[in-house]
Every structure is written in structure tokens, then in C-alpha cells.
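Here is a set of questions on enclosed space and ligand contacts, each answered by setting a value against its criterion.

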Amino acid sequence: MSDRETWTTRLGFILAAVGSAVGLGNLWQFPFKTGANGGAAFVVFYLIAVLFIGFPAMLAEFVLGRRTNVNAVDAFGELGHHGWRLVGGIGILTGFWILSYYNVVGGWVLRYILGSATGAYFGDPGGYFGAVSAGPEAVLAQAVFLALVVGIVALGIEDGIEKATTVMVPSIVVLMIALAAWVATLPGAGAGYAFFLSPDLGTMVDNAGSIIPFAVGQAFFTLSLGMAIMITYSSYVGEDDNLVFDGGIIVVMNTLVGVLAGLVVFPILLTIDYQITTTTGGPGALFVATASGFSSVPFGRLFGVVFFGVVLIAALSSAISLLEVSVAWANDNFGVSRPVLATGIGVGLFVLGLPSAWDTAWLTWFDNFAYQLFLPLSALLVVVFVGWVLGEDAVAELRQGTGGLGWFGPVWLWALRLVVVAGILATLGLGVETMFLGEDPAVVQPF
Ligand code: PFF
């Protein structure tokens, strides 16, 4: 395995990981989860979850990847725990499952760039969403998006993923800042900021029990945890990198883009008096609501193209990280070239994505499974492994390249063992309840 690639620079790794983290989770789900869960109160819980649960869990994935320099399944075997390879398998399958419908949404984004340029959705934003989000048109758009993803991953770590994300991530940040500056001039800006940024203590206290699991789930999704991505990306990192520092930058950058997304989306929504309710968080929300906004403000076409262009870049830089997870596993195990593997896996993803492309109800069903069950389960098992099975060895690996961890080492380990495990269990508990128990279990009712 001596010819296994590595990132050419440390910045390359950081940007690729930020590119993975910043995605539809930030731009599509975060504003709407915030809207549906009480506005700024959700933001507060989310930030706490990112810091105390997501960040330690990300370092756990980094430790596994860098220690073993191998894909997420074989990492467990390298450490001598062959039975735990199953956990890596669950992570890879979770990622494959998520990517199957993520590509479909990526296809919608392509259609919305076109629709903004031509003004196609201006008369009837709801009708346009219905037309492009399901059926043959969605299948075609999914295939185009997927082809872009496969093309980048086929080129490899250095020439494909690293080069692409080095251009993509700075573009996302610059364009989002430009968009935020523009929406600040809209009439609904003040109301938008207030909704997003002024937490109401009463809402926080009254709804903590239900908001916390959502905030934890969102923290995992947005940081690309539980899908074997960070294990895979850190397997291309050298022993002299400071993982704590790198992880800190990734978390901060991801959070900043999430906040920027809120600063862009809410002023647009409140300008057009969009009613955000607990049921508006569905897959069409971002598309229909922001598209309605662009139809009714000056220079709407231009801003629509820029906005959905940013969403596309963010979705692509995330999707490549998830395809890389499966490709890395196959590449480490079979003597088949990367382009062939990327294409073959791409075809598999296309097929699994067909139901989601055909009907958005299936997409919601796939998303529910991933969000509520697979993701927390996979993350939980990784954290238990690193915290309780590796234990002090994990701290030793994390220490490499930092010049000494001091108090952070034991605090990290115990946070992982107790706080992170408890947070994920709460999320998983809620997920099992919504999926299998209660009046209207989501698992048996995709429609
Ligand atoms: N952190 C990513 C996001 O917020 O969109 C999570 C992700 C989902 C990464 C799907 C990759 C992916 F294909």
C-alpha cells in the first residue's frame, strides 16, 4: 500500500474536510431546522452540540483514520479488532445510502441554476419544484450531478479532490459573504436577523427535550460524522499534523458558513412574509421558499444564479467526500483502477437513488432512515470504540503532532466516553421512537 496517495499540503486536507462539512446540511437543512425548531433557540443548542459533541466525535474519527492510513472498514482490523470491522461497514453503507438521495437533491440544484437564469420558476415557484423534483427530469439531473462527482473522484486525492476543493471552498465563503451583504438591503432583513439571532429563553427551556436530539443529529450530519468520511479523509494525513487544531478550524469554518446561510435565507423569507412553521422543513422548503423570494426582489435572476451556484459547489464538495469513502475501501482491497471503481460505484448510487428521484416521498423516507437511525448508530459505535476500546491509545495518537495535549487529552477522552455517548443515545432514542413507535411510524409509511 506504499503507493497510497496523501494530501499534498495540510491546507489541502483542511479545505477538503471543510468542503465535505459545508454542504446541503448547512444551506438546505440548517435554516429550515432552525425555523421549525423555534428559531434562535435551536441555534443555541446546535452550537453547544457542535462544540461538546460534534468536535470530540470528529477527533475520534481522525484518530482512527490517521493511525491506520487505511479505509474505514480495514482501520478496525489494522488495530487488531477484526470484529469491529462491521462498524466500518455500517459507516460505509450509511454513507452510500445518504449519497444516493443527496445526488438527487444535487440534480435539483442544477435545475434551479437554469431556472434562475431563464426565470422559469418566477411565475409559479411551487409548480416548478413539482416539475423538476420528481420523475424523468429529476432522474436526468441526478445523473448529471453524479457524473460530475464521479469525474472528480476518479482523478484521485491530489489531482481530483484536493485541487477541486481548494478552489471550491474559498468561492463558497466569498460568494456567501456577498449574498449576505446583498440581502442586508432587503426590507425583511431586520426581522430575519431577529428571528435567527435572538434566542428566547422560555422556548429553550420549554422545548429542550425535543430540540436537543435534533440539534445533536444536525451537528453530526453537518460535520460529516457517522458516514466514515472523516475516517477516510484523515487516512491520507501525516503524523505531524495537529489534528486538534485542524479539527477546530474545520468546525469553526463549517459553523460560520451555517450562520452565513441563516443570514442569507431568513431575510429573504421574511421579506416575502414566508410563514415558517414546524412542517415547512420538508425537502422542497429551501427551493420553493427562496425561489419565491428571488421572483419578487430586484435582480432576482442574478441572485438566484449566484445563490444556487453556491449551493451547487457546496453539494459537490460534500458528495465527492462521500463517494471517496466507498472508492477508498474498494481501492485498498481490489486491484482495480480508481476511475473504474468510481464509475462502478456511481452506477450503483444512481440505481439506489432512482426511487428518491422518482418521488420526493421516497427521498424523505431515505432521509429519515439515515438521519434518525443509521447515522446516530454508526457514530455511536465509532465513539464507543475509540473512547472505550482504544482509550489511552487514542489519546496518544491524538497527541502526535500537537506537541502535548495537556488537560485536553483526558477531558477529550471523558467527553467522548460520557457526553458524546449520552448525546447520541438521546438522538437515537428519539429516532427509534419516530421511526418505529408512536401513532404514525415513519418506517412503514413512506407516503
Ligand atoms: N456535512 C455534509 C452536509 O452538511 O451536507 C454532510 C454530507 C452529506 C456530506 C452528504 C456528504 C454527502 F454526500
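**Cavities and ligand**

The largest cavity in this predicted model has a volume of about 100 Å³. Of its 14 lining residues, Ser20, Tyr102, Ser224, Met227 and Ser318 are the closest to its centre.

Q: What makes a space a cavity and not a pocket?
A: A cavity is a set of grid points where a 1.4 Å probe fits but cannot get out, whereas a pocket is an open set. By this rule, two cavities of 30 Å³ or more are counted.

Q: Which elements give two or more residues to the lining of the largest cavity, and which gives the largest share?
A: The elements that do so are α1 (10-21), α5 (85-118) and α14 (300-333). The largest share, four residues, comes from α14.

Q: How do you know which space the ligand takes?
A: A molecule sits in a cavity if more than half of its atoms lie within 2 Å of the cavity's grid points. The space taken by the ligand is the largest cavity.

Q: What makes the pair between the ligand and Ala21 a polar contact?
A: The cut-off for a pair of N or O atoms is 3.5 Å. A nitrogen atom of the ligand is 2.9 Å from a polar backbone atom of Ala21, so this pair meets the cut-off. A ligand nitrogen also lies 2.9 Å from a backbone N or O atom of Thr222, and a ligand oxygen is 3.0 Å from a polar backbone atom of Gly25; these pairs therefore count as well.

Q: How much of the ligand does the protein bury?
A: Taken alone, the ligand exposes 340 Å², and the protein buries 100% of that.

Q: Which residues come nearest to the ligand, and which classes make up the shell?
A: Among the 17 residues around the ligand, Ala21, Gly25, Tyr102, Phe221 and Thr222 come nearest. The shell has ten nonpolar, seven polar and no charged residues.

Q: Why is Gly217, in the lining of the second largest cavity, counted as polar?
A: Gly217 lines that cavity together with Phe220, Tyr371, Leu375, Pro376, Ile424 and Thr427. Gly is placed in the polar class, so Gly217 is counted there. By class, this lining has five nonpolar, two polar and no charged residues.

Q: What is the volume of the second largest cavity, and which element gives the most to its lining?
A: The volume is about 40 Å³. α16 gives the most, with three residues, while α10 (201-222), α16 (360-390) and α18 (408-436) each supply at least two.

Definitions and conventions:
Residues numbered from 1 in each chain as written. Predicted model: local features only at pLDDT ≥ 70, side-chain atom pairs only at ≥ 80, totals over all residues. Heavy atoms only, no water. 1 Å grid on protein atoms, 1.4 Å probe; cavity = no way out; pocket = protein on both sides within 12 Å on 5 of 7 lines; lining within 4 Å. Points joined across faces, edges and corners; volume = space filled by probe spheres on them. Near = heavy atom within 4 Å. Polar contact = N/O pair within 3.5 Å; in protein donor to acceptor, adjacent residues only side chain to side chain. Areas by Shrake-Rupley, 256 points an atom, 1.4 Å probe, with all protein chains shown as cover.
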